[in-house]
Amino acid sequence: MQTGWENAGGSAQPLPYGRGSERGAGRETHRNPADLLRVEGLSVRLRAPGRGGVVRAVEDVSFRVERGGRFGIVGESGCGKSTLVRALLRLVPATGGRVELDGVDVLSAPAATLRTLRRRAQIVFQDPQASLNPRLTVDLIVGEALHAHRLVRSATERRERVAQLLRDVGLPAEALDRHPHEFSGGQRQRIGIARALALAPELLICDEAVSALDVSVRAQILNLLADLRDQRGIAYLFVSHDLHVVHAFCDQLAVMYLGRFVEQGPAAQLLHDPRHPYTSALLEAAGVGAGPPLDPGEPPSPLSPPAGCALHPRCPLAEDRCRRETPELRSIGERLVACHVARETGAERGPGVA
Ligand SMILES: Nc1ncnc2c1ncn2[C@@H]1O[C@H](COP(=O)(O)OP(=O)(O)OP(=O)(O)O)[C@@H](O)[C@H]1O
Ligand code: SF4
Ligand SMILES: [Mg+2]
């Protein structure tokens, strides 16, 4: 698998969506039969515990993931990445918008349909320790879904299927009868991936799935995910705060700030020639950019986002207009950018990518 910055994004696809004001629930946009997941104008508002008020965790987010595609979402802690992916499968309720998995409306699906949809799209979480029941053996953890969906008729058949899944993720069949605490962090994440693969999903949602792992194990797991993609044609929605990881893995990328996508498009373009100041600042912080850093300071609270562009208190390029007017996503070539001053044309010299 490629891991260097220089090789990202070979199969970039133009995004069919129009400007932000044209998007949203109930509005028809171009339908591409290659789309597996379509998200339009998704918003999630959560009641802030204890303090009162409403957290605007996800605001008017639109994107699509093609069959076999690799879509990355990157942004600082607390920007809404996990809430977004959970809302896709109704693990948290959406406030507005539309989500389609293979053309089926997820947000209004009846319980039986939702059950099938959740089988087709599986989530791998960040912390394998927390997401695996410590009292169960690997056989039962991985085989639980097979049993629940009546895909096996006996314990013997379940064990055979689980043993194969373990082999698929590089674990020995002897792991069947062991408990999660008997494995390393990387091995536990392989168990989590085997569990997600048990139902043969078409979409694997990885929410910081490699963030808890050290660098060498992280590379092994990314290689495993890439192999699975090549062998099974699985599409990925890959969430990370780490640009190096999304660069290695994704062909489409969205940069999220305070609940909104501020730049989205082909990963290679965003990472080599960012147009939004926040994308530039993330690259700068990752040590691979040459853009101006953000002004120091914490991100604003999603309980009371700043007026105008939410980045303006930290943005080195902010103008008066930015304090008053919220920038809509606008098309610049193959990408969408929400910034009043974003360049329309490429930089003469891109950021300092090796
Ligand atoms: N159940 C909840 N109730 C209220 N607010 C919540 C809830 N879950 C998350 N939030 C808030 O929503 C915002 C987005 O949180 P979320 O966990 O989606 O961010 P994230 O980008 O996944 O962060 P991280 O990178 O740390 O995982 C944060 O301000 C968070 O405090
Ligand atoms: S709209 Fe203004 S504040 Fe927002 S990112 Fe662009 S320049 Fe910065
Ligand atoms: Mg998260």
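This note goes through a predicted model, taking its two ligand shells, one helix, one sheet and one buried serine in turn.

1. Ligand 1. The shell around ligand 1 holds 15 residues, and those that come nearest are Leu-46, Ser-77, Lys-81, Ser-82 and Thr-83. Two elements, S2 and H1, give two or more residues to this shell. The most comes from H1, with 3 residues. By residue class, the shell around ligand 1 divides into 7 nonpolar, 7 polar and 1 charged.

2. Helix H1. This helix spans residues 81-88 and is mostly covered, with 7 of its 8 residues buried. The buried residues are Lys-81, Ser-82, Thr-83, Leu-84, Val-85, Ala-87 and Leu-88. Lys-81, Ser-82 and Thr-83 are thus on two lists: they are buried residues of H1, and they are among the residues that come nearest to ligand 1. Just after H1, Arg-90 takes a positive phi of about 60°; a reader checking the backbone may wish to look at this residue.

3. The sheet. Four strands form an open sheet in the order S2-S1-S4-S5, with antiparallel pairing. Its edge strands are S2 (54-66) and S5 (104-105), each of which pairs on one side only. Edge strand S2 is also one of the elements that give two or more residues to the shell around ligand 1.

4. The S4-S5 pairing. Strand S4 covers residues 96-101 and pairs with S5 in the antiparallel sense over 2 bridges. Opposite Asp-105 in S5 stands Glu-100.

5. Ligand 2. Here 13 residues surround the ligand, and the closest are Cys-309, His-312, Cys-315, Cys-322 and Cys-339. The shell around ligand 2 divides into 10 nonpolar, 2 polar and 1 charged. On the scheme used, Cys counts as nonpolar, so the cysteines named above fall in the nonpolar class.

6. Ser-280. This residue lies in helix H10, which runs over residues 277-285. Is Ser-280 buried or exposed? Ser-280 is buried because 24 other C-beta atoms lie within 10 Å, where the cut-off for a buried residue is 20 or more. Leaving out residues up to four places away in sequence, Ser-280 touches Pro-274, Gly-289, Gly-291 and Pro-292. From Leu-270, Ser-280 is 10 residues away in sequence, and the C-alpha to C-alpha separation in space is 8.8 Å.

Technical notes. Residues are numbered from 1 along each chain as its sequence is written. Chains are lettered from A and ligands numbered from 1 in the order in which they are written. This is a predicted model: local features need pLDDT of at least 70, side-chain atom pairs count only at pLDDT 80 or more; totals for chains, interfaces and linings use all residues. A residue is buried if 20 or more other C-beta atoms lie within 10 Å of its own, exposed if 12 or fewer, and partly exposed in between; C-beta atoms are placed from the backbone. A residue is near a molecule or strand if its C-beta atom, placed from the backbone, lies within 6 Å of it. Two strands pair if DSSP finds at least two bridges between them. Two residues are in contact if their C-beta atoms, placed from the backbone, lie within 7 Å.
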